[in-house]
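User: I would like a close look at a single part of this model, explained with care for someone in the first year of study.

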Amino acid sequence: MTELPDRVVGDARTSDFGWSVLTDLTDIGNRMAGSTGERRGAERVVEAFEDAGLRNAGLDEFEIPGWWRGESSLAVSGAVERHHENSHEVIALPGTPSGEATAPLVDVGDGTDEAFAAAGDELEGAVAMASSRTPDSHDRWIHRMEKYVAAAERGAVGFVFRNHIEGALPPTGEIGYHNRPGPIPAVGVSKEVGERLARLAADGNEDGPTVSLDVDCRNEPTTSVNAVAEVGPDTEEAVYLTAHVDAHDVSDGANDNGAGSALVAEVGRLLATVEDDLDTRVRLVTFGSEEIGLWGAYHTAETTPEEEIACVVNLDGACSSRNLRVGTNGFGGMRAVFEGVADAFDASLTTGETISPHGDQWAFVQEGIPAVMASTTSDQSGRGWGHTHADTLDKLDSRDLREVATLVTAAVYRFATGEVEAEHRSRESVRDAIDEGYVEELKTGGRWPYEE
């Protein structure tokens with residue numbers, strides 16, 4: 001068994017390098033896809049790559065369908081009249097079109113298939129509202145995109161996404177249509193605003209609310225960048241360690257995903273200290289534009305020959321705790337490596353086998369390339385502070401970052417020293433293994449990558 005040398009473990013457990021990179025990324029502020037801040041974030045990662053002694057550090061530019069936020073408001077009429085226009089109450093969701101909609105409000109609770117079915121014809125011509133929560137009884141996380149698509153497909157003229165985390169924190173996030181913009185205006189509202197709306201829309205309230213959405217935004221082409229570097233021997237095949245550097249404009253993007261980008265730089269630095277041990281090149285990439293459709297990951301997947309990618313370890317939301325979770329997408333060889341690392345370090349690890357289309361690893365998984373997503377778990381449902389104003393540095397702990405850096409470095413070290421071969425799969429076998437719910441979501445949003 002190839003073990004990470006003790007001196008590297010000691011370095012990882014005492015290093016301030018990754019935390020310094022993370023701090024600088026959060027202090028940039030707005031790192032929205034296609035923005036000046038996103039490019040500054042990528043440049044900071046390149047600087048970290050260079051400081052770590054990695055080679056071929058630089059930027060890789062590509063085109064994206066950009067989105068710029070304007071002002072949004074939500075007015076309520078009926079038994080209670082209110083007007084919400086402040087950013088702590090209501091914000092537009094990226095990918096939404098500009099537009100207005102005035103209609104009765106229909107609350108579909110957690111936005112499950114059952115809840116939408118129960119609403120029936122009431123959704124036709126209405127504004128649908130769904131919570132960001134996924135009920136504990138559900139067998140998988142229900143993404144915001146699914147709820148938006150379900151509302152639009154059932155005839156809704158507007159969509160309201162209400163947070164389930166208190167603190168006057170409206171959630172943001174891409175609405176999921178590949179051919180942007182989406183068909184109906186969409187906003188996120190805070191838990192507090194959402195609870196009021198849900199109460200007013202409850203059964204038995206004869207004077208249920210009518211809501212008026214007013215969304216101003218721009219959907220225009222622009223460019224984004226990936227930050228790249230390499231460590232190890234100059235082999236044709238490479239182990240990829242990735243994260244995304246962009247973040248939603250309403251937050252500092254600390255855990256989602258400044259921490260992931262900082263970890264990529266830190267793991268690269270640690271691997272550089274044992275470069276002579278590596279049998280396979282390690283390519284480090286922090287993607288741009290993950291939050292609006294995985295554009296940086298798709299750019300890499302589409303411009304890199306499949307045979308040059310041994311496997312992909314993607315980091316996203318990996319600093320909320322020291323409890324590592326690896327979504328394996330059914331690649332058992334990669335799961336075994338992480339299980340071996342967890343055993344060696346007596347570390348907490350949970351794994352999931354479900355093939356998930358959410359996260360940069362999906363751009364590779366859909367092609368049969370072995371790819372996993374590593375994150376950390378907490379007690380909060382869904383993203384917790386993520387995609388809100390509250391995704392800030394003070395929520396994180398440098399000791400958690402060091403622990404995750406140690407575990408990920410040990411795993412990538414094993415992949416790059418040839419201990420375990422991650423086997424590629426056919427596109428057909430991946431397609432056939434995707435859960436029915438995700439198949440429906442991808443098809444209705446225009447993101448299904450397979451021919452029928």
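In which strand does Arg281 lie? Please also describe the surroundings of Arg281 and then the nonpolar core.

Analyst: This is a predicted model, and within it Arg281 belongs to strand S10, which covers residues 281–287. Although arginine is placed among the charged residues, Arg281 counts as buried here, because its relative accessibility is 8% and buried means under 20%. Its side chain reaches two backbone oxygens, that of Thr235 at 2.8 Å and that of Glu236, also at 2.8 Å. Leaving aside residues up to four places away in sequence, Arg281 touches Thr235 and Glu236 themselves, together with Arg55, Glu230, Val231, Pro233, Asp234, Glu237, Ala238 and Val239.

From here we can turn to the nonpolar core. The largest such core has 91 residues, and those with the most contacts inside it are Phe49, Leu241, Val282, Val313, Leu315, Trp362 and Phe364. Helix H11, which spans residues 398–416, supplies the largest share of this core, namely 11 residues. A second core, separate from this one, has 25 residues, including Val127, Val160, Val187 and Leu213.

Leu241 is a useful residue to follow. When residues up to four places away in sequence are not counted, Leu241 touches Arg283, Leu284 and Val285, and its other contacts are Val264, Val267, Val313, Leu315, Val408 and Val412. Among these partners, Val313 and Leu315 are themselves listed with the residues that have the most contacts inside the largest core.

Conventions:
Residues are numbered from 1 along each chain as its sequence is written. This is a predicted model: local features need pLDDT of at least 70, side-chain atom pairs count only at pLDDT 80 or more; totals for chains, interfaces and linings use all residues. Side-chain values use heavy atoms; hydrogens and water are left out. A nonpolar core is a set of buried Ala, Val, Leu, Ile, Met, Phe, Trp, Tyr and Cys residues joined through side-chain atoms within 4.5 Å. Buried means under 20% relative accessible area, exposed over 50%, partly exposed in between (1.4 Å probe, protein chains only). Helices (H or I, at least four residues) and strands (E, at least two) are DSSP runs, numbered from the N terminus. Contact means heavy atoms within 4.5 Å. A polar contact is a pair of N or O atoms within 3.5 Å; within protein, one must be able to donate a hydrogen and the other to accept it, and residues adjacent in sequence count only if both atoms are side-chain atoms.
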